[in-house]
Amino acid sequence: MRVEELTRVVGLKDIVVEGIVSESAEQVHLAVRPANDLPLCRKCGDPCLLVHSTRARVVRHLDAFGRRTWMAFDSRMVDCLACGLGAEALSFVDPGMRTSRAFRRAVGELCALLPLKQVAEELHLSEDTVRTIDKEYLAAQYPPPDLSDLRTIAIDEIAYRKGHKYLTLILNYESGEVIWSGEGRKEATLATFFAALSPEVRGRIEYVSMDMATPFINAVAEWCPRAAVVFDRFDVVKHMNEAVNDTRKTTMAKADAKIRRSVKGKRFVLLRRRATLTDKDAGRLEELLTLNTDLTKAYLMKEDFQQFWTLPSLAEAATFLDAWTAEAADAGIPPIARVGRMLQNHRAGLLAYHRSRISNGLLEGLNNKINVLRRSRYAFRDLEYFGLKIRQLSIVRSKRRHQTYPLVDVTRDAA
Ligand SMILES: [Zn+2]
């Protein structure tokens with residue numbers, strides 16, 4: 001192949017390929033030179049007559065026909081009349097970098113699809129290098145979000161490491177994007193987020209979806225006193241399931257052999273919603289419920305509470321909640337009484353669901369993908385990177401969601 005053709009294949013407009021320095025089945029090293037005879041000043045863009053010095057550089061570029069490709073060239077230091085000493089302007093590579101811009105973009109795009117470790121193996125790079133490149137790509141691709149229209153947020157925490165290490169995530173409910181992440185799950189964690197918002201932006205927030213967690217409640221009361229807190233229905237279900245499971249344990253402990261045999265191994269059927277059980281499991285559940293123990297009662301109360309979310313009006317929801325918590329107080333089952341007190345203490349935020357109809361479901365939906373990320377060792381070491389990856393996942397997903405279910409009425413133009 002002639003060098004003109006090589007230049008065309010490489011396809012960089014300010015590079016001329018002069019020849020192949022060395023090659024093997026896996027890799028190829030090209031000798032190249034900048035296309036313009038007079039180097040341009042990086043600061044002002046003017047051509048410079050004075051070249052102060054040159055420096056030999058080797059830059060990794062996109063693979064050429066499956067072979068890892070490097071370009072060797074002399075980069076010129078210019079003495080610009082206006083700006084003084086400085087590097088020459090090169091559009092394909094940034095100063096000091098050992099990889100071309102196109103290569104770095106390709107690494108970032110691959111990291112959106114594959115685990116970091118796999119990208120590193122595929123490209124014969126260290127994981128540290130891939131992470132550095134991806135982090136820079138993410139920062140450029142997903143700049144800090146525009147929060148001027150922020151109205152509804154969802155707050156959740158994820159454990160990123162055993163031993164109670166948490167990351168708090170904040171989601172813009174309308175756009176579906178994770179707009180912030182920070183280490184910890186304390187009041188101070190959220191204060192860091194709120195303090196960075198202007199008073200106008202904070203004042204526009206109407207609803208905040210969250211777990212029944214005191215630090216989050218306190219932080220919102222302090223920073224967004226006008227916002228209505230909406231407790232997440234998935235969190236309520238979690239507390240209900242815990243109460244049923246605790247009741248199962250105490251029932252087992254004081255039961256006779258017959259009941260114990262019946263209850264044994266039924267944890268799963270008790271914690272699933274009745275409507276989602278197979279016929280066989282539903283049969284196993286019925287058998288359990290005929291025993292008429294505290295566990296039977298606890299289970300039925302849990303199932304009964306499901307209605308709360310579908311009641312048609314705020315007034316009916318309030319009546320139902322008060323009746324349910326009164327029954328929980330009288331049932332004589334400590335775990336159920338505890339949940340009842342908890343719901344009564346969080347009454348306003350539970351009823352707020354009937355005005356806003358929001359939950360943390362969108363964040364819950366990200367959890368599977370975050371779990372995959374969490375297996376990477378960088379989840380532990382570089383929380384900034386972890387936060388950027390989560391933000392990327394949320395944005396990619398919300399774009400996909402909007403494509404499937406367009407938010408604008410596309411039929412109107414056709415009519
Ligand atoms: Zn200049």
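The paragraphs below lead through the domains, the nonpolar cores and one helix pair of this structure. The model is predicted, so local features need pLDDT of at least 70 and side-chain atom pairs count only at pLDDT 80 or more, while totals for chains, interfaces and linings use all residues. Residues are numbered from 1 along each chain as its sequence is written.

The domain assignment, which is automatic or taken from a database, gives domain 1 (1–98), domain 2 (152–232 + 365–404) and domain 3 (234–356). The centres of domain 1 and domain 3, taken over C-alpha atoms, are separated by 69 Å.

The largest nonpolar core holds 67 residues, of which Ile 153, Leu 169, Leu 171, Val 208 and Ala 298 touch the most other members. Because domain 2 and domain 3 both give residues to this core, it lies between them. A second, separate core of 16 residues includes Val 17, Val 32, Val 59 and Val 78. A nonpolar core here is a set of buried Ala, Val, Leu, Ile, Met, Phe, Trp, Tyr and Cys residues joined through C-beta atoms within 7 Å, and a residue is buried if 20 or more other C-beta atoms, placed from the backbone, lie within 10 Å of its own.

Helix α2 (residues 101–111) and helix α4 (residues 127–141), both DSSP runs (H or I) of at least four residues numbered from the N terminus, pack at an angle of about 90° with their axes 8 Å apart, the axes being lines fitted to C-alpha atoms over the stretch in contact and angles running from 0 to 180 degrees between N-to-C directions. The two helices α2 and α4 are therefore roughly perpendicular to each other, a term that covers 65 to 115 degrees.

Technical notes: A residue is buried if 20 or more other C-beta atoms lie within 10 Å of its own, exposed if 12 or fewer, and partly exposed in between; C-beta atoms are placed from the backbone. Angles under 35 degrees count as roughly parallel, over 145 as roughly antiparallel, 65 to 115 as roughly perpendicular and the rest as oblique.
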